[in-house]
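Let's take a walk through this one together, starting with a stretch that a database record picks out and working outwards from there. Have the viewer open as you read.

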Amino acid sequence: MTDSVEAPGTGPGAGLTPDDVSALSRRVLERVGEAVVGKGEALELVLAGILAGGHVLLEDYPGLAKTLAARSFAQALGLEFRRVQFTPDLLPSDVTGAFVYDQKNGEFVFRPGPIFTGLLLADEINRTPPKTQAALLESMQEHQVTVEGQTFPLPVPFHVLATANPVEYEGTYPLPEAQLDRFMLRIGFGYPSADEEWQVLQRRMARRQEDQYVEPVTDAAGLLAAQRAVETVTVDDTVGRYCVELAAATRRDSQVLVGASPRGSLALLLTARSYAVIQGRDYVVPEDVKAVAVAALAHRITVRPELWLHDVTGASVVRAVLAQVPAPPTVVGARQ
């Protein structure tokens, strides 16, 4: 595991408050921002997904720092990092591991695959067949691997950051809706502005090398303590019901074939809670829900096929729902 500089109060078993997690999050985002230029909002969402204990799908065009962001988060959080390049010939055992024969002892022993890590980058997950995708997504949900009838628990914490290319569909296996639903968030980075792109070039020239390294802020135990602190943040009933109503509204939309499931409203609530902590609050306001709504719900929505040519997407449906469903009043105050 990567050596780390332990943040105050983040040693094994240490307890953190939401204020501690807020300060820790700022430091993590500062470190990741040293490598990834100009993606502040997207990076906050990725960190919110991790603090909420979920997995994140990064879907965008090639060359937009998706892999760099994943590696930088692993380094800043002090997590062991492994990357798997998904290809059409990748087998489930290439990800999960397999039993191999040990000639010395005359028995079969389990050799763990790259999924046994703290943060796994599943690069171009849509380029591997459904059988291999299913092996990964089962591990994401159950936090364990079953091979030859034997079950092996995955490390804690365990997170997957997967990337998918929205173009070049030839030779790809798009994730079906039921498997997309396993990702807490789907996030796009988008192209940088001209000034941000120039800053990327300047940093590369100043570095005088291709590789970038981000100094650790905490470690695996610190991340677990931060996740436990996020669990202590309470949510007002009106905000919780707002999450439920937003998800339900996607199911009633006439443009939608299948709307967001209850797992979507749960992801919306959990991510809004960690997003609020990142913003420096120990309580959730409707604006937190709105900030994460597209990332949490859009990939869980199936638009009617006849509307694809009219630029109707899951994201546009969520934005329309946000405009239609009245938000509860913002209650400003600390957690009770």
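UniProt, in an unreviewed entry, puts the feature "domain: ChlI/MoxR AAA lid" at residues 249–307. Keep in mind that what you're looking at is a predicted model. Over residues 249–307 the chain is 56% helix and 8% strand, and the C-alpha atoms at the two ends of that stretch are 18 Å apart.

A handy residue to click on here is threonine 250, which sits in helix 9 (residues 237–252). Is threonine 250 buried or exposed? Its relative accessibility is just 1%, so threonine 250 counts as buried; the cut-off for that is under 20%. And what does threonine 250 touch, leaving out residues up to four places away in sequence? The list is Val256, Gly259, Ala260, Ile301 and Val321.

Now zoom out to the whole protein chain. You can count twelve helices and eleven strands in it. The radius of gyration is 20 Å, close to the 20 Å that the globule rule gives for 336 residues, so the chain is as compact as a globular protein of that length. If you'd rather think in boxes, the C-alpha atoms fill one of roughly 70 × 50 × 45 Å along the principal axes. Buried residues make up 51% of the 336. Of the contacts with a separation of 6 or more, 79% are between residues 24 or more positions apart.

On the outside, the protein chain exposes about 16,200 Å², with carbon and sulfur atoms supplying 52% of that area. As for charge, there are 30 positive and 41 negative side chains, and the centres of the two sets lie 1 Å apart.

Next, go to helix 3 (residues 66–76). Ten of its eleven residues are buried, so this helix is largely enclosed by the rest of the structure. Among the buried ones are Lys66, Thr67, Ser72, Phe73 and Gln75. What do the buried residues of helix 3 pack against? On the helical side there are helix 1 and helix 2 (40–51); on the strand side there are strand 1 (56–59), strand 2 (81–85), strand 5 (119–123) and strand 8 (159–164). After helix 3 comes glycine 78, with a positive phi near 70 degrees.

A few backbone oddities are worth a look too. Glutamate 124 has a phi near 55 degrees, a positive value in a residue other than glycine. You'll find glutamate 124 in the loop between strand 5 and helix 5 (130–142), and at 22% relative accessibility it counts as partly exposed. Glutamate 148 also has a positive phi near 55 degrees. That residue lies in the loop between strand 6 (144–147) and strand 7, and at 69% relative accessibility glutamate 148 counts as exposed. Follow the chain on to the peptide bond from valine 156 to proline 157, which is cis, with omega near 0 degrees. Proline 157 belongs to the loop between strand 7 (150–153) and strand 8.

Last stop: glycine 15, in the segment before helix 1 (18–33). Its relative accessibility is 64%, so glycine 15 counts as exposed. Try drawing a line from there to alanine 323: the two residues are 308 apart along the chain, and their C-alpha atoms are separated by 39 Å.

Terms used: Residues numbered from 1 in each chain as written. Predicted model: local features only at pLDDT ≥ 70, side-chain atom pairs only at ≥ 80, totals over all residues. Heavy atoms only, no water. Helix = DSSP H or I, 4+ residues; strand = E, 2+ residues; numbered from the N terminus. Rg over C-alpha atoms; globule rule 2.2 N^0.38 Å. Buried < 20%, exposed > 50% of the residue type's maximum accessible area, 1.4 Å probe, protein only. Contact = heavy atoms within 4.5 Å. Areas by Shrake-Rupley, 256 points an atom, 1.4 Å probe, with all protein chains shown as cover. Lys, Arg positive; Asp, Glu negative; His and termini not counted. Charge placed at Lys NZ, Arg CZ, Asp CG, Glu CD. UniProt positions renumbered as here; feature names shortened; annotations may be inferred.
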